[in-house]
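Here is my note on the model you asked about. Have the sequence and the 3D view open while you read.

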Amino acid sequence: MSCRSCCICFTICTLITILPVIFTEIFSPSSVKFHVTDTLLTQFNLTNNNTMYFNFKVNITARNPNKNTIVYYRRITAIAWYKDNDFAYVSLTPFDQGKKNTSLLQTAVFQGSSVIKLKPRQLAEYYTETRVGVYNDLAVDLDMRVRYKYGRIKSTRFNPPIVQCRLRVPLISNGTSLSSFNDTKCSNSYFFVDRDAGDG
């Protein structure tokens, strides 16, 4: 292989490596923000055999603040957690989100039973929270696969960082609760980056 061919190959490899970085730096849109706007918890009963019976609904909004970016949500999985135990997951309806838009995701409905194992301290906290009527360590994560369009440039599909929504949820019993739910901002890293980009 001639020296010129080697230089051309090196240049092409370098461009392939740095172009995504340049694109991100120049065209990086602002991150999408997620909020849990409402919850409905009507059952959260842990039995002696470590089976949790639950009926838990969550409303989540996504805010796209960008005037030049459309987001295409191709897969959305909502995962429910309690004290480091994931106990249910549901698939939400994919959708396209327009520019400078706040969208309400399909309501995540977690209903059924699951075996969870709480440590002694966590079990004591569960009984205290049950007595008070408010659960402090419920959470919902969003695992998504998306793509986006910036102007006329469309990205490939990728998996953004997991969105984590840590919640303080009141139990509703006989139509009433001892507390109210407060709109909660979810935490997530910069949205428009593939969390798996460094793997392999």
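The points below go from the overall layout to single residues.

1. **Ground rules.** What you have is a predicted model, in which local features need pLDDT of at least 70 and side-chain atom pairs count only at pLDDT 80 or more, while totals for chains, interfaces and linings use all residues. Residues are numbered from 1 along each chain as its sequence is written, and side-chain values use heavy atoms, with hydrogens and water left out.

2. **Overall layout.** The protein chain has 2 helices and 11 strands, and along the sequence they run α-β-β-β-β-β-β-β-α-β-β-β-β. Both kinds of element are DSSP runs numbered from the N terminus: helices are H or I with at least four residues, strands are E with at least two. Of contacts between residues at least 6 apart in sequence, 72% join residues at least 24 apart; a contact here means heavy atoms within 4.5 Å.

3. **Inside and outside.** Of the 200 residues in the protein chain, 38% are buried. Buried stands for under 20% relative accessible area, exposed for over 50%, and partly exposed for anything in between (1.4 Å probe, protein chains only). The chain exposes about 11500 Å², and carbon and sulfur atoms supply 53% of that. Those areas come from the Shrake-Rupley method with a 1.4 Å probe, and for residues only the protein chains shown count as cover.

4. **The core.** The largest nonpolar core holds 45 residues, and those with the most contacts inside it are Phe34, Phe44, Phe56, Tyr73, Tyr82, Phe87 and Phe110. Such a core is a set of buried Ala, Val, Leu, Ile, Met, Phe, Trp, Tyr and Cys residues joined through side-chain atoms within 4.5 Å. The elements giving it two or more residues are β1, β2, β3, β4, β7 (108–115), β8 (134–150) and β10 (163–170), with the largest share, 7 residues, coming from β8. As background, nonpolar side chains tend to be buried together in soluble globular proteins.

5. **Tyr82 as a way in.** Try clicking on Tyr82 and look past its neighbours within four places in sequence. Its contacts there are Phe44, Met52, Phe87, Ile116, Leu118, Tyr126, Glu129, Tyr135, Asp137 and Leu138.

6. **Salt bridges to β8.** The structure holds 8 salt bridges, each a side-chain nitrogen of Lys or Arg within 4 Å of a carboxyl oxygen of Asp or Glu. In one of them, Arg75 meets Asp143 at 3.7 Å, N to O; Arg75 sits in strand β3 and Asp143 in strand β8, 68 residues apart. Arg75 is partly exposed at 31% relative accessibility, whereas Asp143 is buried at 17%. Another joins Asp141 and Arg166 at 3.1 Å, N to O, this time between strands β8 and β10, with the partners 25 residues apart. Asp141 is buried at 6%, and Arg166 is partly exposed at 46%.

7. **Lys83, worth a second look.** Which residues are linked with Lys83 in a network of salt bridges? They are Arg121, Glu125, Glu129 and Asp137. The Lys83 and Asp137 side chains meet at 2.4 Å, N to O, and 54 residues separate the two along the chain. Lys83 lies in the loop between β3 (69–82) and β4 (85–92) and is buried, with a relative accessible area of 5%. Asp137, by contrast, is partly exposed at 34%. The phi of Lys83 is also positive, near 50 degrees. Most residues other than glycine have a negative phi.

8. **Asn50.** Here is another non-glycine residue with a positive phi, about 70 degrees. Asn50 belongs to the loop between β1 (33–46) and β2 (51–64), and is partly exposed with a relative accessible area of 31%.

9. **Tyr89 and Thr184.** Are these two buried or exposed? Tyr89, in strand β4, is exposed at 64%; setting aside neighbours within four places in sequence, Tyr89 is in contact with Thr77, Ala78, Ile79 and Phe110. Thr184, in strand β11 (residues 184–185), is buried at 17%. The Thr184 side chain reaches the backbone oxygen of Asn182 at 2.8 Å. With the neighbours within four places again left out, Thr184 is in contact with Phe34, His35, Val36, Arg166 and Leu167.

Definitions and conventions. A polar contact is a pair of N or O atoms within 3.5 Å; within protein, one must be able to donate a hydrogen and the other to accept it, and residues adjacent in sequence count only if both atoms are side-chain atoms.
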